[in-house]
Amino acid sequence: MNLPDSVRICEVGLRDGLQNEKDKDGNALVLKTEDKVEILKSLADAGYKVIEAGSFMHPKRVPQMADTDEVMKQIAGKIPDDVELRVLIPNLKGVQRALDCGAKKVKLNVSASRMHNLKNLNRTPEESVAGFEDCVKFANEHKIEISGSISMPFASPWEGRTPVEDVDAIIEAYLKLGINEISLSDASGMAVPNQVFDLCEHVRAKYPQATWWLHFHNTRGVAMANILAAMQAGMTQFDSSFGGLGGCPFVPGAAGNISSEDVIHMLDECGIRTGIDVVKVMAISRKIKDLVGHNLESYVLRAGRSKDLIGTQG
Ligand code: ZN
């Protein structure tokens, strides 16, 4: 089987996971800043080199992320310099907040669904991306790295399968702004492996100047198969979330990202290097489980590593 020797994993649980957490009364569950800082330190200690640390969305809309500025200030100098922390932002204000708290990398996002965009923002996805020009200018002036995400490039609950031409148009709008790092995010959990393989092959061949991240939600149990399909198409960078935490505010029934420990365990067993210690990740996920107060969608957390089983059966 054609698989890479190594892959990079970005932990997105602190953002994509925690932003959806609610308490038993349905109110936003907001972790303490000090807990988030400790989690970040543990993630760096486990070997992660890329971590999505939070977002600069409006604090009234996403109260779980309101302290991201403070988290960034408190973590400064406490993890190795080669750990990249990125923050999701909605607009220019987000880049300004990044500058104020010392964040070096931000990520923009646009929905690939034309209907979703037209309904919510009254513009096409390409028009949304073109509107990010001020963000890119400000980020460049202040040496902040900027990347772009496309959510639902495979399928959306509004239109079903996303036409490849629509995805191309958004990629081209990002590239035109000078954004070359692009994330394809199956937030609705509707992608399937053959489609993932085809789209990954297509974008890699058509846009060789770009670097790609893949972000799969495990809403219908297909995320691991999608990662395998993407790797076979030559992709080597994937997002995942501790304990499979997360959801999507726009998509009914959306599950979290594929669980980090499940992905890293599979890659370990396949002989694909990640540089991340799965045992440490499992310990982090157990701590998260206590902090959020509910069970997590993680196979390896339930069953343990395959490795630990060998020789235990009489
Ligand atoms: Zn997501």
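Which side chain meets that of Arg114 in a salt bridge? The legends below, which describe a predicted model, begin with that pair.

**View 1. A salt bridge between helices H5 and H8.** The side chain of Arg114 meets that of Asp166, with 3.7 Å from N to O. Arg114 belongs to helix H5 (residues 114–121) and Asp166 to helix H8 (residues 164–176), so the bridge ties together parts that lie 52 residues apart in sequence. Arg114 counts as partly exposed because its relative accessibility is 23%, whereas Asp166, at 15%, counts as buried.

**View 2. A salt bridge between helices H8 and H9.** Asp168 and Lys206 meet through their side chains at 3.0 Å, N to O. The pair links distant parts of the chain, with Asp168 in helix H8 and Lys206 in helix H9 (residues 193–206), 38 residues apart. Asp168 is buried at 7% relative accessibility, and Lys206 is partly exposed at 43%.

**View 3. The zinc ion and its protein donors.** Asp16 (OD), His215 (NE2) and His217 (NE2) lie 1.9 to 2.1 Å from the zinc ion. Along the chain these donors follow the spacing D-x198-H-x1-H. His215 has a relative accessibility of 2% and counts as buried; His217, at 3%, is buried too. Asp16 is buried at 4%, and its side chain also forms a salt bridge with Arg15 (3.6 Å, N to O). Arg15 in turn counts as buried, at 7% relative accessibility.

**View 4. Ile9 and its contacts.** Ile9 lies in strand S1 (residues 8–11) and is buried, with 3% relative accessibility. Beyond its neighbours within four places in sequence, Ile9 is in contact with ten residues' worth of surroundings that include Tyr48, Val50, Trp213, Phe238 and Ile276. Val263, Ile264 and Leu267 are also among its contacts, and these three are buried residues of helix H11 (residues 260–270).

**View 5. Helix H11 and what covers it.** The buried residues of H11 are Ser260, Glu261, Asp262, Val263, Ile264, His265 and Leu267. Their cover includes strand S1, helix H10 (223–232), strand S10 (237–240), helix H12 (278–292) and helix H13 (299–303). After H11 comes Gly271, with a positive phi near 80 degrees.

**View 6. The second largest pocket.** This pocket holds about 390 Å³ of space. It is lined by 17 residues, of which Asp81, Val83, Leu85, Gly102 and Lys104 are the closest to its centre. Helix H3 (68–75) and strand S3 (84–88) each give two or more residues to the lining. By type, the lining has 9 nonpolar, 2 polar and 6 charged residues.

Terms used: Residues numbered from 1 in each chain as written. Predicted model: local features only at pLDDT ≥ 70, side-chain atom pairs only at ≥ 80, totals over all residues. Heavy atoms only, no water. 1 Å grid on protein atoms, 1.4 Å probe; cavity = no way out; pocket = protein on both sides within 12 Å on 5 of 7 lines; lining within 4 Å. Points joined across faces, edges and corners; volume = space filled by probe spheres on them. Helix = DSSP H or I, 4+ residues; strand = E, 2+ residues; numbered from the N terminus. Nonpolar A, V, L, I, M, F, W, Y, C, P; charged D, E, K, R; others polar. Donors = N, O, S within 2.8 Å, 3.2 Å for Na, K, Ca; no water. Buried < 20%, exposed > 50% of the residue type's maximum accessible area, 1.4 Å probe, protein only. Contact = heavy atoms within 4.5 Å. Salt bridge = Lys/Arg side-chain N within 4 Å of Asp/Glu carboxyl O.
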